[in-house]
Amino acid sequence: MPTNANRKLVILDRDGVINVDSDAFIKSPDEWVAIPGSLEAIARLNQAGYRVAIASNQSGIGRGLFDMAALNAMHEKMNRAAAAVGGRIDAVFFCPHTQEDECECRKPKPGMLQQIVERFEIDPEGTPVVGDSLRDLQAGAALGFATHLVLTGKGQKTLAGGNLPPNTKVHADLRTFALDFLAADHD
Ligand SMILES: [Mg+2]
Ligand SMILES: [Zn+2]
């Protein structure tokens with residue numbers, strides 16, 4: 001099996017990190033709206049040699065709120081918008097299940113992140129997982145990823161709730177994460 005030369009990867013949650021979140025779920029491309037600066041942050045990470053993968057709970061599928069065609073259309077919109085600013089998202093992993101399904105992929109379980117480890121042949125140590133919810137960080141911490149909280153989406157609430165995994169770094173938004181992370185990378 002050929003080894004992958006580039007193991008520089010950043011793993012992002014989607015809703016509340018890349019796009020504006022909604023308690024009513026993001027169900028259509030029209031509802032998918034980028035957080036200002038998030039796509040440019042992805043482009044900046046790409047330019048520094050990082051690939052970007054998404055790990056996203058999408059229980060709206062399991063709940064019947066939207067279907068795969070709608071999810072694919074959202075991601076086409078996201079990929080086009082990212083490309084327009086020079087960014088590229090290499091893979092989108094999602095969990096379509098609800099809590100009742102008791103799957104292994106729904107965060108805080110680490111199943112999706114484990115799939116990403118295998119697909120990209122990366123070492124969790126030093127690889128950042130960025131999320132706005134505690135379950136994003138818990139899934140990352142379970143496999144030894146570096147955990148990063150952004151304060152967009154549910155992030156403020158998550159910070160106030162405490163119990164963050166040890167050594168979690170906090171950033172205002174994805175733009176700030178990218179600047180902080182890349183600055184530390186060059187130390
Ligand atoms: Mg989120
Ligand atoms: Zn699942």
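Donors here are N, O and S atoms within 2.8 Å of the metal (3.2 Å for Na, K and Ca), and with water not among the atoms, sites may look incomplete. This is a predicted model, where local features need pLDDT of at least 70, side-chain atom pairs count only at pLDDT 80 or more, and totals for chains, interfaces and linings use all residues. Residues are numbered from 1 along each chain as its sequence is written, and side-chain values use heavy atoms, leaving out hydrogens and water.

For the magnesium ion (ligand 1), the protein donors turn out to be Asp 13 (OD), Asp 15 (O) and Asp 132 (OD), at 2.0 to 2.2 Å. Their spacing in sequence is D-x1-D-x116-D. Asp 15 sits in the loop between strand S1 (9-12) and helix H1 (38-47), and Asp 132 in the loop between strand S4 (128-131) and helix H5 (134-142), so the pair ties together parts 117 residues apart in sequence. Helices (H or I, at least four residues) and strands (E, at least two) are DSSP runs, numbered from the N terminus. Asp 15 and Asp 132 are both buried, meaning under 20% relative accessible area, with exposed over 50% and partly exposed in between (1.4 Å probe, protein chains only).

Helix H5 also holds Asp 136, which is buried at a relative accessible area of 2%. A polar atom of the Asp 136 side chain lies 3.0 Å from the backbone nitrogen of Ser 133. Setting aside neighbours within four places in sequence, Asp 136 is in contact (heavy atoms within 4.5 Å) with Asp 13, Lys 107, Val 129 and Gly 131.

Overall, the chain has seven helices and six strands, and 48% of its 187 residues count as buried.

Key
Chains lettered and ligands numbered in written order. Polar contact = N/O pair within 3.5 Å; in protein donor to acceptor, adjacent residues only side chain to side chain.
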